[in-house]
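Welcome, and please keep your viewer open as you read. We will begin with a whole chain and then select smaller pieces, one stop at a time.

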2 protein chains.
Amino acid sequence: MTPEEFRRVGHELIDRIADYRAGIAERPVMSARKPGETRAMLPKAPPQRPEPFEAVFRDLDAIVMPGLSHWQHPNFFGYFPANSELSSVLGDYLSTGLGALGLSWQASPALTELEEVVADWMRQLVGLSDSWSGVIQDTASTSTLIALICARERANGYGLAKGGLQAARAPLVVYVSAHSHSSVEKAALLAGFGRDNVRLIDFDADYAMRADALEAVVKADIAAGRTPCAVVATTGTTATTALDPVDAIAAVAKRHGLWLHVDAAMAGSAMILPECRWMWRGVEAADSLVFNPHKWLGAAFDCSLYYVRDPRQLTGVMSTTPSYLRSSVDEEVKNLRDWGIPLGRRFRALKLWCLLRAEGVEGLQARLRRDLENAQWLKREVERAPAWKLLAPVPLQTLCLRHEPAGLEGDALDKHTLAWAEAINSSGDAYLTPAILDGRWMVRVSIGALPTERSHIEALWRRLQEEAGAAG
Amino acid sequence: MTPEEFRRVGHELIDRIADYRAGIAERPVMSARKPGETRAMLPKAPPQRPEPFEAVFRDLDAIVMPGLSHWQHPNFFGYFPANSELSSVLGDYLSTGLGALGLSWQASPALTELEEVVADWMRQLVGLSDSWSGVIQDTASTSTLIALICARERANGYGLAKGGLQAARAPLVVYVSAHSHSSVEKAALLAGFGRDNVRLIDFDADYAMRADALEAVVKADIAAGRTPCAVVATTGTTATTALDPVDAIAAVAKRHGLWLHVDAAMAGSAMILPECRWMWRGVEAADSLVFNPHKWLGAAFDCSLYYVRDPRQLTGVMSTTPSYLRSSVDEEVKNLRDWGIPLGRRFRALKLWCLLRAEGVEGLQARLRRDLENAQWLKREVERAPAWKLLAPVPLQTLCLRHEPAGLEGDALDKHTLAWAEAINSSGDAYLTPAILDGRWMVRVSIGALPTERSHIEALWRRLQEEAGAAG
């Protein structure tokens with residue numbers, strides 16, 4: 001495609017995205033497509049000859065759009081907010097259009113140094129001390145895998161340069177909460193620890209990890225001849241946004257030489273609000289932490305910030321220096337390939353840079369405070385409504401709730417819960433994620449999509465009452 | 001940012017990218033920035049208040065652009081072609097603008113199904129049988145890590161569900177070529193094998209892995225009580241685009257139960273040309289393979305295709321099913337989170353879909369053939385030029401060459417090589433990557449940037465002769 005054709009089609013694309021975002025509230029939130037339906041509309045073989053881009057736009061409208069769920073919709077209350085703020089979208093457009101690749105510092109100096117600078121801006125924004133160094137990874141799943149591999153190597157005397165995990169003398173053990181994200185156990189399994197060496201630590205009434213239970217399990221492992229290796233504390237768990245007590249967990253970690261990784265994938269964005277920072281009190285004692293500006297904060301996916309206290313513990317595990325990647329300035333610069341798994345990297349700093357400049361710290365803070373207030377409003381409504389139950393504290397923007405009509409319990413209650421959630425989801429009016437808590441289905445309301453205002457929360461609350469009443 | 005502001009700024013952005021691509025040949029290929037120079041131009045703290053996007057564009061011009069190396073430049077001959085074709089750029093723009101996230105099939109059905117379809121189109125395009133299933137990963141580094149973790153688990157009886165690699169009875173061993181990409185050894189170390197259990201297999205005069213040497217080392221390991229686990233064959237190595245004999249390696253792998261992973265990160269794109277497919281003859285016997293449409297083919301980074309013969313061996317290692325990710329259709333659909341490390345995923349299929357439709361198979365084939373012919377032209381010139389030496393076969397688009405004036409050898413020759421390469425690189429006229437081959441520096445000329453025509457190769461050849469002659 002020539003630059004002139006790109007210009008022509010690109011202008012149309014910009015208008016299409018602007019129109020999409022401006023009119024998104026008119027669409028059903030979730031796609032009603034059935035499995036295989038989209039696939040059946042697409043040709044089985046690739047096109048032999050070039051087609052005009054108008055044909056692509058036509059199929060986009062006819063085939064792709066009805067198969068999409070609209071994460072940027074004001075009535076999207078599922079999973080978590082995955083905001084792709086339009087200023088950040090433009091930053092990502094710059095990155096893709098410039099097509100520069102960051103194999104090494106030398107391969108594009110500004111790509112690396114802008115990433116260093118915005119990672120440091122974000123560090124300041126969430127109130128971390130200047131002893132942290134940050135880098136952008138794709139997702140928290142990957143960041144946590146990196147953390148556990150680094151923990152493994154530190155505990156194992158950097159055995160990767162020798163016999164690897166296969167030569168570890170005593171089994172290394174990882175400690176997680178039963179409410180940790182599924183990616184944490186997955187990371188431990190991928191890193192080779194084995195499920196037998198992953199301990200699910202008990203939680204308290206608020207679904208937060210119990211530091212005393214952690215201590216007891218660590219001691220039992222030591223007594224049995226195993227080597228405690230790492231603990232993952234979560235600030236804002238997926239199901240209920242529970243807050244593991246980072247300070248108490250850090251004390252246990254320090255006593256027993258554990259690597260402490262803090263998973264604040266979702267809640268880390270809230271730390272731009274000084275009034276929220278108590279939620280991860282103790283974080284300065286961690287070895288690594290991750291939070292995802294591509295969630296609530298508004299950076300276009302993928303943008304996961306991974307911070308470490310001692311970069312040598314990361315680069316010592318991740319670095320490779322074949323001759324074709326060497327350059328004369330290697331001693332003076334950061335080569336970000338040594339800070340993660342992939343060698344190649346996009347110019348991802350641009351999307352964070354554009355977001356921060358276009359919105360300003362104050363703009364971001366105001367939006368997050370709006371969402372926290374909306375969550376508190378809904379919390380008060382639910383608390384005073386008969387038959388409705390709030391199942392967990394609401395420190396952030398997620399509510400866990402259930403409609404419990406008199407006489408309904410057990411499997412019948414589960415059936416009721418899933419029925420009204422499904423009725424709302426399939427209506428297209430809003431999207432909510434059901435999840436299991438204490439063995440029973442409940443429904444999460446995750447507030448914080450970019451265009452979600454109080455009026456949307458009020459409308460949601462009316463729909464909840466309607467549907468649950470009808471189903472009950 | 002409102003949709004209307006996005007529209008206004010977005011139109012300017014499109015014009016800027018179109019102008020950038022149209023005028024890219026006027027820029028020096030590589031940035032002359034010194035370490036720390038870009039960082040020093042940026043504010044130390046994030047902006048408190050929103051700024052107009054014009055300020056971002058101003059800083060982009062003044063601070064970022066002079067710090068970029070231009071991978072889309074016609075005189076970019078470094079590393080490998082990392083083409084970001086403008087139709088693919090538009091596909092990526094759609095993805096970011098729509099902001100849909102593929103946590104699961106249900107989270108956006110079309111995102112998953114279009115990825116299935118274009119991965120299958122690409123399978124057909126490179127001539128693979130329909131017994132392969134594909135998925136988009138970020139990079140070949142990640143794809144190879146996934147392959148080695150899956151190999152580890154298969155060899156270890158899926159021990160991740162039990163004691164992990166820590167409980168493996170005999171050390172598992174991985175076999176790679178001394179010319180494998182650095183990411184292969186890195187993957188083996190991250191997967192926990194340990195460097196003591198990574199064998200560098202000897203290569204022949206063309207830098208291709210020797211299958212007989214592989215067989216001998218495997219047998220020695222078995223005799224010593226170790227368990228051969230996986231071998232990585234490369235189609236098109238990084239330094240010289242050497243072609244490991246996949247069929248002969250596959251025979252060894254089959255005899256000893258090794259997982260065979262084929263790394264065709266760079267050369268895989270060439271398999272859209274039927275006349276190139278002899279290069280990976282035997283590939284149908286592999287367990288997994290990776291190639292990167294984000295290199296020569298022109299898909300915007302990141303787009304690495306990972307194919308497996310038995311998806312259950314992948315999903316058995318990667319899948320997790322917490323309640324908040326379950327849906328009623330899970331039995332009928334692919335959940336791509338179970339095909340890789342990250343949970344979240346962009347709508348990456350769009351950039352491949354747009355590339356294939358806008359260029360057509362024939363358009364892509366014509367461009368790659370142009371590049372192969374350009375490489376052969378330069379090869380002939382080098383072969384007949386006195387004092388110039390071609391150091392490896394040229395099956396694809398990369399030449400390894402050295403200027404060897406009479407009387408120069410050893411360290412003096414290295415000095416000469418690095419001097420003329422540095423002179424060209426720092427002139428900004430072209431970019432080439434020096435690398436070490438057989439203990440001596442040589443220079444790689446990697447042909448295949450989108451706008452590189454014969455005239456650019458001719459100009460490069462004149463520059464090479466000028467600079468090497470001057471330095472000699």
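Helices here are DSSP runs of H or I with at least four residues, strands are runs of E with at least two, and both are numbered from the N terminus. The model you are looking at is predicted.

**Stop 1: chain A as a whole.** Select chain A and colour it by secondary structure: you should find 13 helices and 12 strands. Its radius of gyration is 24 Å, close to the 23 Å that the globule rule gives for 472 residues, so chain A is as compact as a globular protein of that length. Along the principal axes, its C-alpha atoms fill a box of roughly 65 × 60 × 45 Å.

Now colour chain A by burial. Of its 472 residues, 67% are buried. Switch on the surface, and the accessible area comes to about 14,800 Å², with 50% of it belonging to carbon and sulfur atoms. If you like to look at charges, pick out the 51 positive and 57 negative ones in chain A; their mean positions lie 3 Å apart.

**Stop 2: the two copies.** Bring chain B into view. A turn of 180° with a shift of 0.0 Å along the axis lays chain A on chain B with an RMSD of 0.0 Å. This is the relation of a two-fold axis. Which surface does each copy use to meet the other? The copies meet through the same surface, because 100% of the interface residues of chain A are also interface residues in chain B.

**Stop 3: helix α3 of chain B.** Select residues 53-64 of chain B and show side chains. The buried residues of this helix are Phe53(B), Ala55(B), Val56(B), Phe57(B), Leu60(B), Ile63(B) and Val64(B). What covers them? The cover includes α4 (86-98), α5 (109-125) and α11 (349-384) from chain A, along with α1 (3-22) and α2 (37-41) from chain B.

**Stop 4: Gly316(A).** Move to helix α10 (residues 311-318) of chain A, where Gly316(A) sits. With a relative accessible area of 43%, Gly316(A) is partly exposed. Add Cys150(A) to the selection: the two C-alpha atoms are separated by 8.7 Å, although the residues are 166 apart along the chain.

**Stop 5: Thr452(B).** Finish in the loop between β12 (440-446) and α13 (454-471) of chain B, which holds Thr452(B). Is Thr452(B) buried or exposed? Its relative accessibility is 0%, so Thr452(B) counts as buried. Leaving aside residues up to four places away in sequence, Thr452(B) touches His73(B), Pro74(B), Phe77(B), Arg370(B), Asp371(B), Asn374(B) and Ile457(B).

Key: Residues numbered from 1 in each chain as written. Chains lettered and ligands numbered in written order. Predicted model: local features only at pLDDT ≥ 70, side-chain atom pairs only at ≥ 80, totals over all residues. Heavy atoms only, no water. Rg over C-alpha atoms; globule rule 2.2 N^0.38 Å. Buried < 20%, exposed > 50% of the residue type's maximum accessible area, 1.4 Å probe, protein only. Areas by Shrake-Rupley, 256 points an atom, 1.4 Å probe, with all protein chains shown as cover. Lys, Arg positive; Asp, Glu negative; His and termini not counted. Charge placed at Lys NZ, Arg CZ, Asp CG, Glu CD. Least-squares fit on C-alpha atoms with pLDDT ≥ 70 in both. Contact = heavy atoms within 4.5 Å.
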